Amino acid sequence: MMKKMIKNVTVLLVIATAFAFTAPALRVSTKHSIKFSTFGVSGIFKISKANIAFDAQDLEASRFDVAIDVNSIKTSFELQDKHAKGEDWFEADKFPYMRFVSKRVVKNGASFQAIGDLNVHGITKEVTLPFKYSPTATGGVFEGEFTINRIDFKIGKPGGMVGEDVKVNVSVPVVK
């Protein structure tokens, strides 16, 4: 009796989840890049998990839930990568992912904005991420650029040899 009830609830959850997003689900290509740069350091991160549903004609149904693997950081120096993962900066053992979850997506002229929560280093802040979407035959490409202040997320200490404002460039090809 209990197994049957659990099975029925599971089926209902799967059906509800399937209808929760009417926008097409998109899969992130391995050729994506999340680049960052500031005074003193630059590099890339990789997306580890992404749940993306996007329809430029139905923004109400569009959603982004993207996790970036802190341990994927690559700068031009291996020692710098190790230091960035350590307790003075990202504390990758304690906070292995940076995550963005959209609350809404809006049109902004010829481009879009995803408004949502960005969690970095255990701190969550609402941010607006501007982006453009270029459709392709098999999916599309999301591209955007924004700046965050690393001190807002307690990454490193203020001042020093690394800039506080970090420019982030995103290029994420997706497939249906």
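**Entry 1. Strand E8 and its partners**

I began with Val141, which stands opposite Pro173 in E9. The model I am reading is a predicted one. I then looked up how E8 and E9 are joined: the two strands run antiparallel, and 11 bridges connect them. E9 covers residues 165-175, and E8 covers residues 139-149.

How many of the residues of E8 are buried? I found eight of the 11 to be buried, and I noted the strand as mostly covered.

I next turned to E7, residues 123-135, which pairs with E8 in the antiparallel sense over four bridges. Three residues form the hairpin connection from E7 to E8. Within this pairing I recorded Glu143 of E8 as the bridge partner of Lys132.

**Entry 2. Strands E2, E3 and E9**

I looked up E2, residues 33-38, and found that E2 pairs with E9 in the antiparallel sense through five bridges. Here the bridge partner of Phe36 is Val168 in E9.

E2 also pairs with E3, again in the antiparallel sense and over five bridges. In this pairing I noted Lys35 opposite Ile44 of E3. The hairpin of E2 and E3 has two residues between the strands, and Gly40 takes a positive phi near 100° there.

**Entry 3. Asp55**

Where is Asp55 found? I located Asp55 in the loop between strand E3 (41-53) and strand E4 (63-74).

I checked the exposure of Asp55 against the limits for the partly exposed class, which lies between buried, under 20%, and exposed, over 50%. The relative accessible area of Asp55 is 24%, so I entered Asp55 as partly exposed.

I then listed the contacts of Asp55, leaving aside neighbours within four places in sequence: Ala23, Pro24 and Ser62. I also took the C-alpha separation between Asp55 and Ala25, which is 9.3 Å, for two residues that are 30 residues apart along the chain.

**Entry 4. The nonpolar core**

Which residues of the largest nonpolar core touch the most other members? The core has 41 residues, and I found Phe54, Phe64, Phe90, Phe131 and Phe142 to be the ones with the most contacts to other members.

I followed Phe131 further. Not counting residues up to four places away in sequence, Phe131 touches Phe54, Phe64 and Phe142, among others. The list of its contacts also includes Val105, Ser111, Phe112, Gln113 and Ala114. Glu143 and Gly144 are likewise touched by Phe131.

**Entry 5. Salt bridges**

I searched the whole structure for salt bridges and obtained four.

I took the pair of Arg99 and Asp65, whose closest N and O atoms are 2.5 Å apart. This pair links distant parts of the chain, with Arg99 in strand E5 (residues 97-108) and Asp65 in strand E4, 34 residues apart. Arg99 has a relative accessibility of 41% and therefore counts as partly exposed. Asp65 is also partly exposed, at 23% relative accessible area.

I went on to Glu126 and Lys103, which form a salt bridge with the closest N and O atoms 2.7 Å apart. Because Glu126 lies in strand E7 and Lys103 in strand E5, the pair ties together parts that are 23 residues apart in sequence. I recorded Glu126 as partly exposed at 48% relative accessibility, and Lys103 as partly exposed at 44%.

I also examined Lys167 and Glu145, whose side chains meet in a salt bridge at 4.0 Å, N to O. Lys167 lies in strand E9 and Glu145 in strand E8, so this pair ties together parts that are 22 residues apart in sequence. Lys167 is partly exposed, with a relative accessible area of 36%. Glu145, at 45% relative accessibility, counts as partly exposed.

I then noted that salt bridges with shared partners join Lys103, Asp117 and Glu126 into one network.

**Entry 6. The largest pocket**

I recorded a volume of about 840 Å³ for the largest pocket. Which of its lining residues lie nearest its centre? Of the 40 residues that line the pocket, I found Ile34, Ile68, Met98, Phe146 and Val168 nearest the centre. Val168 had already appeared in my notes as the bridge partner of Phe36.

Finally, I looked up which element provides the largest share of the lining of this pocket. E8 does, with five residues.

Methods:
Residues numbered from 1 in each chain as written. Predicted model: local features only at pLDDT ≥ 70, side-chain atom pairs only at ≥ 80, totals over all residues. Heavy atoms only, no water. Buried < 20%, exposed > 50% of the residue type's maximum accessible area, 1.4 Å probe, protein only. Pairing = 2+ DSSP bridges. Contact = heavy atoms within 4.5 Å. Core = buried A, V, L, I, M, F, W, Y, C linked by side-chain atoms within 4.5 Å. 1 Å grid on protein atoms, 1.4 Å probe; cavity = no way out; pocket = protein on both sides within 12 Å on 5 of 7 lines; lining within 4 Å. Points joined across faces, edges and corners; volume = space filled by probe spheres on them.
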